[in-house]
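Look over the sequence and model below. The turns after it ask how each label is earned.

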Amino acid sequence: MSLVTKINETRDYLNLKGIKEPEFGLILGSGLGELADEIENPIVIDYNDIPNWGKSTVVGHAGKLVYGDLSGRKVLALQGRFHFYEGNPLEVVTFPVRVMKALGCQGVIVTNAAGGIGYGPGTLMTITDHINMTGNNPLIGENLEEFGPRFPDMSDAYTAEYRQIANRVAQELGIKLEGGVYIGVTGPTYETPAEIRAFKMMGADAVGMSTVPEVIVAAHSGMKVLGISAITNFAAGFQSELNHEEVVAVTEHIKEDFKGLVKAILGQL
């Protein structure tokens with residue numbers, strides 16, 4: 001079965017479940033999935049029930065698709081994403097983004113928990129650009145002409161208009177919102193101090209194990225993107241040790257600001 005056939009099959013299944021013409025996709029990272037609980041008139045589908053869908057195995061990822069109303073918008077939220085380090089091919093990692101496009105999403109808000117290089121724990125950061133250090137690209141292989149060109153432009157992968165709205169909304173809410181470059185790596189090991197020093201020299205402000213493949217596919221599909229990183233720990237070399245429990249714990253402290261910010265931004269997009 002071709003990738004396009006799989007996408008269309010999944011779209012048709014979700015249509016039959018009542019998911020029709022969402023305006024925005026939400027990809028909610030580690031510890032940030034609670035935002036989906038605030039969606040009104042929800043249709044909730046377990047990942048295991050969706051044809052051609054992957055499985056989320058990471059602590060802090062619920063593994064559910066939630067559709068409904070949030071801030072006056074029709075949204076389709078992923079409570080948990082798929083990662084390359086889980087053994088998923090990039091086709092699986094980015095499949096939800098393809099389906100969002102097929103369903104009619106005009107934009108996507110991508111969130112993640114990230115390690116701080118330029119910023120400390122508890123910071124919220126809009127992603128202005130990314131550096132792909134995964135050594136891979138989800139567009140390798142046959143191009144899906146139905147979605148986009150063979151050689152897509154990544155100059156404005158993170159939509160400037162969306163960032164301007166996010167910054168204005170954050171200022172109105174009194175939430176400090178930084179901006180910076182996200183560098184994507186494969187994981188699942190945290191980075192070495194030497195790698196972080198190199199990434200800092202390259203201009204990275206945050207590092208993480210997701211987001212980059214999803215945004216590449218969104219850009220290829222002509223979707224607008226807002227990326228927000230929750231800085232949950234200092235990257236290697238800036239603190240004594242790194243662990244996932246800290247990532248989840250810090251998101252607990254900042255999730256209310258995060259949820260309020262995303263809801264307010266959605267209302268303005």
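Q: What makes the lining of the second largest cavity 5 nonpolar, 3 polar and 2 charged?
A: This model is predicted. The lining holds Arg-81, Phe-82, His-83, Phe-84, Val-93, Met-209, Ser-210, Thr-211, Pro-213 and Glu-214. Arg and Glu count as charged, so Arg-81 and Glu-214 of this lining supply the 2 charged residues. Phe, Val, Met and Pro count as nonpolar, and the lining has 5 nonpolar residues. The other 3 are polar.

Q: How many cavities of 30 Å³ or more are there, and what is the volume of the largest?
A: The count is 2. The largest cavity has a volume of about 60 Å³. The second largest holds about 50 Å³ of space.

Q: What is the make-up of the lining of the largest cavity?
A: It divides into 6 nonpolar, 5 polar and no charged residues. Among the lining residues are Phe-84, Leu-90, Thr-134, Val-185 and Met-209. Gly counts as polar, so Gly-184 and Gly-208 of this lining fall in the polar group.

Q: Which residues does UniProt list for "binding site", and which of this set does the lining of the largest cavity take in?
A: The unreviewed UniProt entry lists Ser-30, His-61, Arg-81, Phe-82, His-83, Ala-113 and Ser-210. From this set, the lining of the largest cavity takes in Ser-210.

Q: Why does Arg-81 count as buried?
A: Buried means under 20% relative accessible area. Arg-81 has 2% relative accessibility, so Arg-81 counts as buried. Arg-81 lies in the loop between strand 4 (73-79) and helix 2 (90-103). A polar atom of the Arg-81 side chain lies 2.9 Å from the backbone oxygen of Thr-111.

Q: Is His-83 buried or exposed?
A: His-83 is at 5% relative accessibility, so His-83 counts as buried. His-83 also sits in the loop between strand 4 and helix 2.

Q: Why is the pair of Phe-24 and Tyr-162 called tilted?
A: The search of the whole structure finds 5 aromatic pairs. In this one the ring centres of Phe-24 and Tyr-162 are 6.4 Å apart, and the planes are at 55 degrees. Pairing needs centres within 6.5 Å; planes under 30 degrees apart are stacked, over 60 edge-to-face, and the rest tilted. So the pair of Phe-24 and Tyr-162 is tilted.

Q: What parts does the pair of Phe-24 and Tyr-162 tie together?
A: Phe-24 is in strand 1 (residues 24-28) and Tyr-162 in helix 3 (residues 160-173), so the pair ties together parts 138 residues apart in sequence. Phe-24 is buried, with a relative accessible area of 0%. Tyr-162 counts as buried at 3% relative accessibility.

Q: What makes the pair of Trp-53 and Phe-82 edge-to-face?
A: The planes of Trp-53 and Phe-82 are at 80 degrees, with 6.3 Å centre to centre. Edge-to-face means over 60 degrees, so the pair of Trp-53 and Phe-82 is edge-to-face. Trp-53 lies in the loop between strand 2 (40-46) and strand 3 (64-70), and Phe-82 in the loop between strand 4 and helix 2. Both Trp-53 and Phe-82 are buried. One aromatic cluster is formed by Tyr-47, Trp-53, Phe-82 and Phe-95.

Q: How do you know that Glu-191 and Asn-233 gather at one spot?
A: The unreviewed UniProt entry's annotation "binding site" covers Glu-191 and Asn-233. They span 43 residues in sequence, yet no two of their C-alpha atoms are more than 12.5 Å apart, so they gather at one spot. Asn-233 lies in strand 9 (residues 224-234).

Methods:
Residues are numbered from 1 along each chain as its sequence is written. This is a predicted model: local features need pLDDT of at least 70, side-chain atom pairs count only at pLDDT 80 or more; totals for chains, interfaces and linings use all residues. Side-chain values use heavy atoms; hydrogens and water are left out. UniProt positions are given in the numbering used here, feature names are shortened, and annotations may be inferred rather than shown by experiment. On a 1 Å grid over the protein atoms alone, a cavity is a set of points where a 1.4 Å probe fits but cannot get out, and a pocket is an open set with protein on both sides within 12 Å along at least five of seven lines; lining residues have an atom within 4 Å of a point. Helices (H or I, at least four residues) and strands (E, at least two) are DSSP runs, numbered from the N terminus. Buried means under 20% relative accessible area, exposed over 50%, partly exposed in between (1.4 Å probe, protein chains only). A polar contact is a pair of N or O atoms within 3.5 Å; within protein, one must be able to donate a hydrogen and the other to accept it, and residues adjacent in sequence count only if both atoms are side-chain atoms. Grid points are joined across faces, edges and corners, and a volume is the space filled by probe spheres set on the points. Rings of Phe, Tyr and Trp (its six-membered ring) pair if their centres lie within 6.5 Å; planes under 30 degrees apart count as stacked, over 60 as edge-to-face and the rest as tilted.
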